[in-house]
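Q: I am new to this structure and would like a close look at one part of it, the surroundings of the ligand. Please walk me through the residues found there and how they sit in the rest of the chain.

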Amino acid sequence: ELKAIATPKRTKEILNKYGFSFKKSLGQNFLVDVNILKNMMQVADITKDVNTIEIGPGIGALTEQLAIHSNQVMAFEIDQRLIPILEDTLAPYSNIQIVNKDILKADIKQLCSERFTDEREIKVVANLPYYITTPILMQLLMAKLPITSITVMIQREVAERMAAVRNTKEYGSLSIAIQYYTNASIGMIVPKTVFNPQPRVDSAVLHLSMREQPPVELNDEDFFFDLVQASFQQRRKTLRNNLIRHFTGILTKEEIEQGFELSEIDGTRRAESLSMEEFARLANHFYARTN
Ligand code: SAM
């Protein structure tokens, strides 16, 4: 049995061998606890029947577990210094392809069809670089990729906002954006002590399973997301006040009142109390008045 990469000792040995110095600007915090990684495999439900995509393999801690538990692994790493290290640490595995690219610039769809030559389900599993958590996730969700789920280690506070339900202080436009595309849940909370170097905040494993259909019918997606964002602009203000301010010059007060009436939503409510379905009704009626 091979010695796992994800231990404090082995990680130190690898870093020393290559004289590797962390780049804070790339969000380099490496996992040094193999049990956390095994739990991630369970949260993501990784089996030999799925292919996996990893973002930011680092020195290969998670990549190794994906190689063991899944069929084929494709891992995107931006830091060129890590490529020869990965070739060394992952040498025992023949089912890994490392792509030296910025995940935000890679044509993931194209690479999937090139590199995954079978019809297996594709899942994303990653310990994300925290400085670009939201851009990466939104890009993955909007790119209409052939993936069925995304399981990622991210900052705890961001995970809680993404998975939040209404009438909580974490619920906001980010919750709606993520949950429009996925069913979101938190798999586990992870203390900062299992990373080298330790980040400033605790982490969580967020599990997103892709929806096959959008949960609501929208006249215009951009208008919907724009209205949701405007509704939460000042959380303590009423919906009416936030929306009057946002739609100044676009909708009259009468049109706004009509929008509330037709969607049967009380303008004195706060955004925090609205379900996605209620936001959709409101957005569709408001949209109809802008044209
Ligand atoms: N997977 C490793 C682990 O769990 O120990 C490392 C995780 S570390 C939090 C994030 C990794 O993402 C680093 O290796 C970093 O170089 C890489 N990274 C940062 N920005 C990236 C980008 N735009 N595209 C691809 N990889 C990126």
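A: A residue is taken to be near the ligand if its C-beta atom, placed from the backbone, lies within 6 Å of it. In this predicted model, 21 residues surround the ligand, and the closest are Phe30, Gly56, Gly58, Asn127 and Pro129. The elements that give two or more residues to this shell are the strand β1, residues 30-31, and the helix α3, residues 61-69. By character, the shell divides into 12 nonpolar, six polar and three charged residues. As for confidence, the chain averages a pLDDT of 97, with 100% of the residues at 70 or above, and the predictor gives the complex an ipTM of 0.99 and a pTM of 0.97.

The UniProt record, in an unreviewed entry, lists Asn29, Leu31, Gly56, Glu77, Asp102 and Asn127 under "binding site". Three of these residues can be followed in some detail.

Asn127, which is also among the residues closest to the ligand, lies in strand β5. Asn127 counts as buried because it has 26 C-beta neighbours inside 10 Å, where 20 or more are required. Leaving aside neighbours within four places in sequence, Asn127 is in contact with Leu31, Gly56, Leu62 and Met153. Another residue, Ile154, is 27 residues away from Asn127 in sequence, yet their C-alpha atoms are 6.7 Å apart in space.

Leu31, in turn, is found in strand β1, and it is buried because 24 other C-beta atoms lie within 10 Å. Beyond four places in sequence, Leu31 touches Ala6, Ile36, Leu37, Ala61, Leu62, Asn127, Val194 and Phe195. Asn29 lies in the loop between α1, residues 8-18, and β1. Asn29 is likewise buried, with 22 other C-beta atoms within 10 Å, and, with residues up to four places away in sequence not counted, it touches Phe195, Pro197 and Pro199.

The helix α3, which contributes to the shell, is itself mostly covered, with eight of its nine residues buried. These buried residues are Ala61, Leu62, Thr63, Glu64, Gln65, Leu66, Ala67 and His69. Their cover includes the strands β1, β2 (50-55), β3 (73-76), β4 (96-99) and β5 (121-127), together with the helix α2 (34-44).

For the wider setting, the unreviewed UniProt entry lists residues 36-212 as "domain: Ribosomal RNA adenine methylase transferase N-terminal". That span is 34% helix and 28% strand, and its end C-alpha atoms lie 29 Å apart.

Terms used
Residues are numbered from 1 along each chain as its sequence is written. This is a predicted model: local features need pLDDT of at least 70, side-chain atom pairs count only at pLDDT 80 or more; totals for chains, interfaces and linings use all residues. Helices (H or I, at least four residues) and strands (E, at least two) are DSSP runs, numbered from the N terminus. Ala, Val, Leu, Ile, Met, Phe, Trp, Tyr, Cys and Pro count as nonpolar, Asp, Glu, Lys and Arg as charged, and the others, Gly among them, as polar. UniProt positions are given in the numbering used here, feature names are shortened, and annotations may be inferred rather than shown by experiment. pLDDT is the predictor's confidence in each residue, from 0 to 100. A residue is buried if 20 or more other C-beta atoms lie within 10 Å of its own, exposed if 12 or fewer, and partly exposed in between; C-beta atoms are placed from the backbone. Two residues are in contact if their C-beta atoms, placed from the backbone, lie within 7 Å.
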